[in-house]
Amino acid sequence: MRKTSAFLLIATLGLGALAGCGKADSASASGSGTTATSETSESAKSTYEQIKENGYITFATEGTYSPYSYHDDKNELVGFDVEVAKAVAEKLGVEAKFTETQWDGIIAGLDANKYDAIANQVSITEERQEKYLFSDPYTYAYGAVVVNGDNNDINSFEDLKGKNVALTVTSNWAEVAESYGGTIVSTSGFSESIQLVIQGRADATVNDNVTFLDFKANQPDANVKIVATSDEATESAVLLRKNDSDLQAAINGALKELREDGTLTKISEKYFGEDITSAQ
């Protein structure tokens with residue numbers, strides 16, 4: 001599999017790797033649930049000290065963002081981010097509780113002390129780092145060129161020149177494909193795009209590799225493959241308030257242990273069939 005520097009162009013275009021982490025931050029909170037244990041004027045205790053005293057940490061998550069955070073057939077909250085958050089809490093010696101809220105208000109809810117942290121594929125950006133703290137990354141997503149399994153003509157982003165690429169015309173991925181000379185075949189989204197590639201009605205599609213891995217995990221026999229990925233990754237992590245450096249250090253310690261003991265890899269392989277928790 002050949003890599004390319006195409007992701008640098010994606011970053012220039014302001015692309016978020018995933019549907020949830022690429023959405024714009026909102027100024028209004030829309031979530032509700034357990035009140036966070038943030039430091040207040042009535043208490044000199046830090047968020048982490050209060051978490052240890054209470055015996056639980058509250059994470060915000062969407063609950064409607066499969067496979068990261070969603071409800072299963074029993075209506076239980078499950079998903080990749082949910083399991084990572086629970087594993088982190090266990091390492092901290094506390095229980096994980098969750099507040100489900102819409103993406104548009106999830107960061108504003110953190111500002112309003114409605115929860116302690118956000119576990120919802122929040123991508124690390126310079127703009128967010130100015131106002132918030134991030135844990136170490138636990139998800140790495142790369143731009144990927146996807147073709148039919150029988151296609152041997154396309155092996156790089158450069159090979160998209162003159163080829164029909166199935167994409168939503170308004171997406172940043174379409175801009176990337178066009179920058180390499182691809183001709184866009186308009187679709188409504190990834191599901192339609194991948195089907196056109198399978199049917200041979202398009203030569204390729206472009207998306208992040210995690211979206212593709214989720215598709216393959218659910219349709220392992222689909223005759224499609226990744227032939228090229230970007231050199232640079234979009235990284236996602238737990239988002240925290242700026243003054244919660246002790247909680248950041250604790251979560252980073254937990255993530256380090258979970259990486260070393262194989263827990264992160266196990267959770268990733270459960271949902272994606274591959275390990276997306278380490279850089280390629």
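Begin by selecting asparagine 75 in this predicted model, a residue found in the loop between β3 and β4, the latter spanning residues 77-78. Its backbone carries a positive phi of about 65 degrees although asparagine 75 is not a glycine, and the setting deserves a look with the surface switched on, because a relative accessible area of 56% places asparagine 75 among the exposed residues, the cut-off being over 50%. As background for this stop and for two later ones, most residues other than glycine have a negative phi, and most peptide bonds are trans.

Next, select serine 66 and proline 67 and display the backbone between them, where the peptide bond is cis, with omega near 5 degrees. Proline 67 has its place in the loop between β2 and β3, with β3 covering residues 70-71.

From there, move to glycine 55, which lies in the loop between α2 (47-54) and β2. Glycine 55 counts as partly exposed because its relative accessibility is 29%. If residues up to four places away in sequence are set aside, glycine 55 touches Val94 and Glu95, and a distance drawn from its C-alpha atom to that of alanine 96, a residue 41 positions away along the chain, should read 9.0 Å.

Now follow the chain into strand β2 (residues 56-61), which pairs with β6 in the parallel sense over two bridges. To see this pairing residue by residue, select phenylalanine 59, which stands opposite alanine 117 in β6.

Keep strand β6 (residues 117-123) selected and colour it by accessibility: seven of its seven residues are buried, so the strand is mostly covered. Strand β6 also has β12 (residues 224-241) as a partner, the two running antiparallel and being joined by three bridges. Here the residues to pick are isoleucine 118 and, in β12, its bridge partner leucine 239. While β6 is displayed, also pick glutamine 121, which lies in this strand and has a positive phi of about 50 degrees although it is not a glycine. Is glutamine 121 buried or exposed? Glutamine 121 is buried, because its relative accessible area is 0%, where under 20% is required.

For the helices, select α3 (residues 80-92) together with α9 (residues 245-260), whose axes come within 9 Å and cross at roughly 105 degrees. The two helices α3 and α9 are therefore roughly perpendicular to each other. To display the contact, show Val84, Ala87, Val88, Lys91 and Leu92 on α3, and Ala250, Ile251, Ala254, Leu255, Glu257 and Leu258 on α9. Sorted by class, the contact of α3 with α9 has nine nonpolar residues, two charged residues and no polar ones.

A further stop is glutamate 158, found in the loop between β8 (139-148) and β9 (164-167). Glutamate 158 counts as partly exposed because its relative accessibility is 39%. A C-alpha to C-alpha distance drawn from glutamate 158 to serine 179, which is 21 residues apart from it in sequence, gives 9.3 Å.

Finally, zoom out to the whole chain, which contains ten helices and twelve strands. Of its 280 residues, 51% count as buried, and the chain exposes about 12400 Å², of which carbon and sulfur atoms supply 43%. Among contacts in the chain with a separation of 6 or more, 71% are between residues 24 or more positions apart.

Notes
Residues numbered from 1 in each chain as written. Predicted model: local features only at pLDDT ≥ 70, side-chain atom pairs only at ≥ 80, totals over all residues. Heavy atoms only, no water. Buried < 20%, exposed > 50% of the residue type's maximum accessible area, 1.4 Å probe, protein only. Helix = DSSP H or I, 4+ residues; strand = E, 2+ residues; numbered from the N terminus. Pairing = 2+ DSSP bridges. Contact = heavy atoms within 4.5 Å. Areas by Shrake-Rupley, 256 points an atom, 1.4 Å probe, with all protein chains shown as cover. Axes fitted to C-alpha atoms, helices over the stretch in contact; angles between N-to-C directions. Parallel < 35°, antiparallel > 145°, perpendicular 65-115°, else oblique. Nonpolar A, V, L, I, M, F, W, Y, C, P; charged D, E, K, R; others polar.
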